[in-house]
Amino acid sequence: MRTALLQTLSTLQDAETGQRGFLLTGNEIFLEPFRNADRTIGERLGALEQAVFDNEQQMQRLKRLRSVVADRLVALQKRIEERGATPDATLADRLKVGKRLMDEARGIIAEMLAEEERLLTTRNAEMRWTATLTQIGVAGALLSAALLGWATLKDRQRQVAELQTANVALRIALKQAAEESERRERVESQLRQAQKMQAVGQLTGGLAHDFNNMLAVIVGCLNLLKRKMARGEIDKDSLIDKAMECVDRAAALTHRLLAFSRQQPLAPQTVDANKLVGGMAEMIRRTLGESISVETVLASGVWRIHVDPNQLESAILNLAVNARDAMNDEGKVTIETSNAYIDDHYAREHAEVKEGQYVLVAVSDSGAGMPPEIIAQAFEPFFTTKGPGKGTGLGLSQVFGFVKQSGGHIKIYSEIGQGTTVKIYLPRFVGEGEVAGPRREPSAAGMAFRGSPETLILVVEDEDWMRSIAVAMFQDLRYSVLAAGSAAEALALINANPDIDLLFTDIVMPDMNGRALAEEALRRRPDLKIVFTTGFSRNAVIHNGVLDRGVNFLPKPFSIEQLAQKVGAVLGVMETT
């Protein structure tokens, strides 16, 4: 009986081992143990049934075991078929389901072995009692009765020896199973690490390629500009514009990478999704062109959300542009809003998704659709199916990072020949707050803002080259400027110059960071205006990617126009040339 149980467990483990080997490698040589197990498992279970047919409890357990074994073999076969058709990025989840079924099978076999142990104990007790009776009556028993008792004792001893041998074999088998499980864990861990390194290689390769191209253009423009100036030529604007264009592209690339890694600074506000989508519909139509039909379907009673409206607009526009490209500049883009509920079952099957109420914003196209293998990679940075020069591969990854950083969920639904729908789920907001209005483009007057020499700015920056550039920008805007390379130096200047109007400080500095400097400066000068800047997003004024309330922040790199607008808005003075 115990031998049959152990053989059944070993056969089922062989099937699982073969299947996992095939899943991890894709080599069909690993399927041989699975196929042998599939052929012999019925014989094993039949042998068990013959061994326990007179024990009702064991027969019930065997019935459960048959069901679990059948389910496990079906699951193994299904996963093998899926692996042959399409590589699965959710291997870890499938293996967890398989482990649950194997654990259940082991549990049933353990119950049956425990029943055998109980029967063994009972039989041992009966054996001892029989031996005692035999010893008491041995003097008066007939020789035939003595021989019968002796034969019975030997039979019991043989059974005990067999059970002890089976127990030893069981312990060995369980030890081997534990070692095999540890080995599989190591193999799976190595596979996951290899996949991570592949993703890192793709990210760094794409990043190096794009930045090197931009740096090459900037260096080339500066070299040509230097040669033109040496020759006294005045045609310099085109080179300067080209270099600035590459700088803007590099800054946008950094911003997209921060968005993908969920480290971009967000300024969330209370947002009405219907108003936001309706307000940008005309801009989307102009962006996509006349050959693309744009339709908005806005549900009534849509809940409010708490997100960065500028980033949400950027995400929707990004999806709309992707939809246009998928249709080769001809077709229909539909943008929809509605209320939605994500239930517990869906949340358990998707990482980082919480059950609850959401607002759905969906962007659909009538394009060619995407196969499953493309959908599985769509959010990876630098992955693109567009031709050379037609896409950076960062659009969807930026949208993915923004949605995740905002506590939401994003899902792609697509069928070949039927088009694609990208659904963004953002958590419902039930707090108080004024709904953000539509974003306004900066006016020409704002872009031409100039300061006044009567306004004194204190620039605090520990990097010499960055400090000198910031000072030059403020001076070009006609401000009076003081500069400090550390927080201690800045505090000394504040004490010596009570007429300082604004503190412009980097956040990441040694000894005392910009936030601590600002707090000490405000203690001495409560009316002092403050603007923070940094190129590093995880710092003292940004927590979990969200700006602290009331903080004036200008991320690096910034243009002189952006600097003028931010400082002018903080000072409340908008004088223009």
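This briefing covers confidence, one sheet with the helices that pack on it, and three helix pairs in a predicted model. The average pLDDT of the protein is 78, and 78% of the residues score at least 70. Five strands form an open sheet of mixed pairing, and the helix pairs described below include two that are roughly parallel and one that is roughly perpendicular.

**Confidence**

- Confidence in the protein reaches its highest mean, 95, in strand 8 (residues 456–460), whereas its lowest mean, 42, falls in helix 12 (residues 444–447).
- Over residues 441–447 the pLDDT stays under 50, and for this stretch the model has seven contacts beyond four places in sequence.
- Where pLDDT is low, the predicted coordinates should not be read in detail.

**The five-stranded sheet**

- The strands of the open sheet follow the order 2-4-5-7-6, with mixed pairing; its edges are strand 2 (292–298) and strand 6 (409–415), each of which pairs on one side only, and the twist from one strand to the next averages 20°.
- At one edge, strand 2 pairs with strand 4 (residues 331–342) in the parallel sense over seven bridges, and Val 297 has Glu 336 in strand 4 as its bridge partner.
- At the other edge, strand 6 pairs with strand 7 in the antiparallel sense, over seven bridges, and Ser 414 has Thr 420 in strand 7 as its bridge partner.
- The hairpin of strand 6 and strand 7 has three residues between the strands, and within this hairpin Gly 417 takes a positive phi near 85°.

**Helices on the sheet**

- Helix 7 (residues 273–288) lies across strand 2, strand 4 and strand 5 (356–365), and runs at about 175° to strand 2.
- Helix 8 (residues 309–326) also packs on the sheet, where it touches strand 2, strand 4, strand 5 and strand 7 (419–427), and its direction makes about 35° with that of strand 5.

**Helix 1 with helix 3**

- Helix 1 (residues 2–25) and helix 3 (residues 56–85) pack with their axes 10 Å apart and at an angle of about 15°, and they are therefore roughly parallel to each other; their crossing is left-handed.
- From helix 1 the contact includes Leu 12, Phe 22 and Leu 23, which are among the residues that meet a set in helix 3 including Leu 65, Arg 72 and Ile 80; by class, the contact has nine nonpolar, four polar and four charged residues.

**Helix 14 with helix 15**

- Helix 14 (residues 487–496) packs against helix 15 (residues 514–524) at an angle of about 15°, with the axes 11 Å apart, which means that helix 14 is roughly parallel to helix 15; the crossing is right-handed.
- Ala 487, Ala 490, Leu 491, Ile 494 and Asn 495 of helix 14 meet Leu 517, Glu 520, Ala 521 and Arg 524 of helix 15, and by class this contact has six nonpolar, one polar and two charged residues.

**Helix 13 with helix 16**

- Helix 13 (residues 464–476) and helix 16 (residues 560–571) pack at an angle of about 70°, with their axes 10 Å apart, so helix 13 is roughly perpendicular to helix 16; this crossing is right-handed.
- Met 473, Phe 474 and Asp 476 in helix 13 meet Ile 560, Leu 563 and Val 567 in helix 16, and the contact has five nonpolar, no polar and one charged residues by class.

Conventions
Residues are numbered from 1 along each chain as its sequence is written. This is a predicted model: local features need pLDDT of at least 70, side-chain atom pairs count only at pLDDT 80 or more; totals for chains, interfaces and linings use all residues. Side-chain values use heavy atoms; hydrogens and water are left out. Axes are lines fitted to C-alpha atoms, for helices over the stretch in contact, and angles run from 0 to 180 degrees between N-to-C directions. Helices (H or I, at least four residues) and strands (E, at least two) are DSSP runs, numbered from the N terminus. Angles under 35 degrees count as roughly parallel, over 145 as roughly antiparallel, 65 to 115 as roughly perpendicular and the rest as oblique. A crossing is left-handed if the near helix is turned anticlockwise from the far one by less than a right angle, and right-handed if clockwise. Contact means heavy atoms within 4.5 Å. Ala, Val, Leu, Ile, Met, Phe, Trp, Tyr, Cys and Pro count as nonpolar, Asp, Glu, Lys and Arg as charged, and the others, Gly among them, as polar. pLDDT is the predictor's confidence in each residue, from 0 to 100. Two strands pair if DSSP finds at least two bridges between them.
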